[in-house]
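Please open the structure in a viewer and keep the selection panel at hand. The tour below proceeds from pairs of helices to the interior and then to single residues.

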Amino acid sequence: VYPITLSLFGFFGVPIVFAARFVPFLSMLGIVILMYYLIHLLYDEMAAILFLYLSLLFDPFYKLGINAWSEGLSLFLMILSFFLIVKFVRKQNGKLSLLLLAGIFSGLSFGTRYILGLWFIIALVMLISNKKNRSIMSFVFFSFGFSIISLPILARNFLINGSLSGSGFQ
């Protein structure tokens, strides 16, 4: 997903070298904004402001934003998925479209960094343990959204490399 994101910038005339530095910066900016809203939603504004202050001082967080790594994009997609799940869980009658989008973003996160496939399992546990909106449809919608993205990636890896893990792990 990261190379596709970079090529989208190149499609619009942005040099790839610039995009490789700009995408992590945008991802970390997105993470800060999402985490602020998430913490504000779950706790209060003071906790959200404290997060902003501490995240600006946290060196690994800073390094993710200035280096041309794909981890920032994958974390942004995972946190966006988490944010949508929390919005679904917090509402009495949450819209299942939120879970479909959360599954899609979770699949994109998996497509960027395979280790974040574990997020899929954690999200399913969150949905199953939800007492307000527990239903089989929430499980199905999230899984379907994840599968829309992850299954073509796994199929491509298997057809081209003969392995589900892609070319980097042979």
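To begin, select helix α2 (residues 16-42) and helix α5 (residues 71-90). The coordinates shown are a predicted model. The axes of these two helices lie 9 Å apart and form an angle of about 25°; since angles under 35 degrees count as roughly parallel, α2 and α5 are therefore described as roughly parallel to each other. Their crossing is left-handed. To display the contact, show side chains on both helices: α2 contributes residues including Val-23, Ile-31, Leu-34, Met-35 and Leu-38, while α5 contributes, among others, Leu-75, Phe-76, Ile-79, Phe-83 and Val-86. Taken as a whole, the residues of this contact comprise 17 nonpolar, three polar and two charged. Lys-87 and Arg-90 of α5 are among the participants.

Next, keep α2 on display and add helix α1 (residues 2-11). How do the axes of α1 and α2 cross? They come within 9 Å of each other, at an angle of roughly 120°, and the two helices are therefore oblique to each other. In this case the crossing is right-handed. On the α1 side, select Tyr-2, Thr-5, Leu-6, Ser-7, Phe-9 and Gly-10; these meet Ile-16, Ala-19, Ala-20, Phe-22, Val-23, Pro-24 and Leu-26 of α2. The contact of α1 with α2 holds 10 nonpolar residues, three polar ones and no charged ones. Val-23 of α2 may be kept highlighted, for it takes part in the contact with α1 and also in the contact with α5.

Now turn to the interior. The largest nonpolar core has 32 residues, and those with the most contacts inside it are Ile-31, Met-35, Ile-79, Ile-85, Leu-99, Leu-127 and Phe-142. Colouring by helix shows its sources: α2, α3 (45-57), α4 (59-66), α5, α6, α7 (118-129) and α8 (136-161) each supply at least two residues. Apart from this core lies another, of seven residues, among them Leu-6, Ala-19, Ala-20 and Leu-73. Of these, Leu-6, Ala-19 and Ala-20 were already selected in the contact of α1 with α2.

Centre the view on Ile-85. Beyond its neighbours in sequence, Ile-85 touches Leu-99, Ala-102, Trp-119, Ala-123, Met-126, Leu-127 and Phe-142. From there, move to Leu-99, which is placed in helix α6. Is Leu-99 buried or exposed? Its relative accessibility is 0%, so Leu-99 counts as buried. Leaving aside residues up to four places away in sequence, Leu-99 is in contact with Ile-85, Phe-88, Leu-127, Ser-138, Phe-141 and Phe-142. For a distance across the model, select the C-alpha atoms of Leu-99 and Gly-162: they are 32 Å apart in space and 63 residues apart in sequence.

Further along helix α6 (residues 96-112), select Ser-106. With a relative accessible area of 0%, Ser-106 is buried. Which residues does Ser-106 touch, not counting those up to four places away in sequence? They are Ser-81, Trp-119, Phe-120, Phe-142 and Phe-146. Phe-142 thus appears once more, having been listed among the contacts of Leu-99.

The final stop is Gly-117, in the loop between α6 and α7. Gly-117 has a relative accessible area of 16%; because buried means under 20%, Gly-117 is also classed as buried. Measuring tools in the viewer can be set between the C-alpha atoms of Gly-117 and Gly-94, which are separated by 24 Å and by 23 residues along the chain.

Terms used: Residues are numbered from 1 along each chain as its sequence is written. This is a predicted model: local features need pLDDT of at least 70, side-chain atom pairs count only at pLDDT 80 or more; totals for chains, interfaces and linings use all residues. Side-chain values use heavy atoms; hydrogens and water are left out. Helices (H or I, at least four residues) and strands (E, at least two) are DSSP runs, numbered from the N terminus. Buried means under 20% relative accessible area, exposed over 50%, partly exposed in between (1.4 Å probe, protein chains only). Contact means heavy atoms within 4.5 Å. Axes are lines fitted to C-alpha atoms, for helices over the stretch in contact, and angles run from 0 to 180 degrees between N-to-C directions. Angles under 35 degrees count as roughly parallel, over 145 as roughly antiparallel, 65 to 115 as roughly perpendicular and the rest as oblique. A crossing is left-handed if the near helix is turned anticlockwise from the far one by less than a right angle, and right-handed if clockwise. Ala, Val, Leu, Ile, Met, Phe, Trp, Tyr, Cys and Pro count as nonpolar, Asp, Glu, Lys and Arg as charged, and the others, Gly among them, as polar. A nonpolar core is a set of buried Ala, Val, Leu, Ile, Met, Phe, Trp, Tyr and Cys residues joined through side-chain atoms within 4.5 Å.
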